[in-house]
Amino acid sequence: MKNVSTTSLLSEGCMLNIKSFDQLSTTELYDILHVRAAVFIVEQDCVYQDIDYSDQTALHLWLTNGEGKIVALCRVCPGGTKLDALSVGRVISTERGKGYGALIFRKALETVRQYFPDTKLVKIESQLTKLHFYERFGFRATSEPFMMEGLMHIDMELKI
């Protein structure tokens, strides 16, 4: 994985951060894991192993607001890490209805194109309730719904 460390101010007033695992400070890693646990484990009442050894090879993207609070995050995993093809996952918006989820996901796809230019296919394992969100970005379902980590999911992919 290439070492990538960028921070940029977006027109939406958020700071976009992109870092490889080795470039994360302990505070940044703690903040990311805290948000993931708060949403996926506590809010969604889903007991599962979030720390899955895929973080070490992933690019981590997160948006912070003016106060420095994480308002959205996700990770981009190279093919062969989480799935057989490059994947985007752990997509979270902590402030719903403000467009942060769409913004971080759009930035993730831009990151794929920039840092993985030979990628032809992006795969995700979407919660079934988020199917229409990902369809807005051109993803198409490639499986029947299935249970994973206590929630219904569906495999999706985007050819780029």
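**Exercise 1. Loop residues**

Task: In this predicted model, locate Ser54 and decide whether Ser54 is buried or exposed.

Solution. Step 1: Ser54 sits in the loop that runs between helix 1 and strand 3. Step 2: the relative accessible area of Ser54 is 4%. Step 3: buried means under 20%, so Ser54 is buried. Step 4: setting aside neighbours within four places in sequence, the contacts of Ser54 are Arg75, Cys77, Thr81 and Lys82.

Task: Do the same for Thr119 and Pro78, starting with the loop in which each is found.

Solution. Step 1: Thr119 belongs to the loop between helix 2 and strand 6. Step 2: its relative accessibility is 15%, so Thr119 counts as buried. Step 3: not counting residues up to four places away in sequence, Thr119 touches Leu86, Val112 and Ile160. Step 4: Pro78 is in the loop between strand 4 and strand 5. Step 5: with a relative accessible area of 17%, Pro78 is buried.

**Exercise 2. Nonpolar cores**

Task: State which residues touch the most other members of the largest nonpolar core, and which element gives the most to this core.

Solution. Step 1: the largest nonpolar core has 35 residues, and those touching the most other members are Leu63, Val76, Val88, Phe105 and Phe139. Step 2: at least two residues each come from strand 2 (15-20), strand 3 (59-64), strand 4, strand 5, helix 2, strand 6, helix 3 and strand 9. Step 3: helix 2 gives the most, nine residues. Step 4: a second core, separate and of 11 residues, includes Phe40, Cys46, Ile70 and Leu73. As background, nonpolar side chains in soluble globular proteins tend to be buried together.

Task: List what Val76 touches, not counting residues up to four places away in sequence.

Solution. With those residues set aside, Val76 touches Ala58, Leu59, Leu61, Leu86, Ser87, Val88, Ala108, Val112 and Phe116.

**Exercise 3. Aromatic pairs**

Task: Classify the ring pair of Phe105 and Tyr134 from its geometry.

Solution. Step 1: a search of the whole structure gives eight aromatic pairs. Step 2: the ring centres of Phe105 and Tyr134 are 4.9 Å apart and the planes stand at 70°. Step 3: plane angles over 60 degrees count as edge-to-face, so this pair is edge-to-face. Step 4: Phe105 is in helix 2 and Tyr134 in helix 3, 29 residues apart, and the pair thus links distant parts of the chain. Step 5: both residues are buried, Tyr134 with a relative accessible area of 10%.

Task: Classify the pair of Phe133 and Tyr134, then name the aromatic cluster that holds these residues.

Solution. Step 1: the centres lie 4.9 Å apart and the planes are at 85°, so the pair is edge-to-face. Step 2: one aromatic cluster is formed by Phe105, Phe133, Tyr134, Phe137 and Phe139.

**Exercise 4. The largest pocket**

Task: Describe the largest pocket by volume, lining and residue class.

Solution. Step 1: the volume is about 710 Å³. Step 2: the lining has 36 residues, and Phe40, Val91, Gln127, Lys130 and Tyr134 are the closest to the centre of the pocket. Step 3: the elements that give two or more lining residues include helix 1 (26-43), strand 4 (70-77), strand 5 (86-93) and helix 2 (100-115). Step 4: strand 5 provides the largest share, seven residues. Step 5: by class, the lining holds 16 nonpolar, 10 polar and 10 charged residues.

Note on methods: Residues are numbered from 1 along each chain as its sequence is written. This is a predicted model: local features need pLDDT of at least 70, side-chain atom pairs count only at pLDDT 80 or more; totals for chains, interfaces and linings use all residues. Side-chain values use heavy atoms; hydrogens and water are left out. On a 1 Å grid over the protein atoms alone, a cavity is a set of points where a 1.4 Å probe fits but cannot get out, and a pocket is an open set with protein on both sides within 12 Å along at least five of seven lines; lining residues have an atom within 4 Å of a point. Grid points are joined across faces, edges and corners, and a volume is the space filled by probe spheres set on the points. Helices (H or I, at least four residues) and strands (E, at least two) are DSSP runs, numbered from the N terminus. Ala, Val, Leu, Ile, Met, Phe, Trp, Tyr, Cys and Pro count as nonpolar, Asp, Glu, Lys and Arg as charged, and the others, Gly among them, as polar. A nonpolar core is a set of buried Ala, Val, Leu, Ile, Met, Phe, Trp, Tyr and Cys residues joined through side-chain atoms within 4.5 Å. Buried means under 20% relative accessible area, exposed over 50%, partly exposed in between (1.4 Å probe, protein chains only). Contact means heavy atoms within 4.5 Å. Rings of Phe, Tyr and Trp (its six-membered ring) pair if their centres lie within 6.5 Å; planes under 30 degrees apart count as stacked, over 60 as edge-to-face and the rest as tilted.
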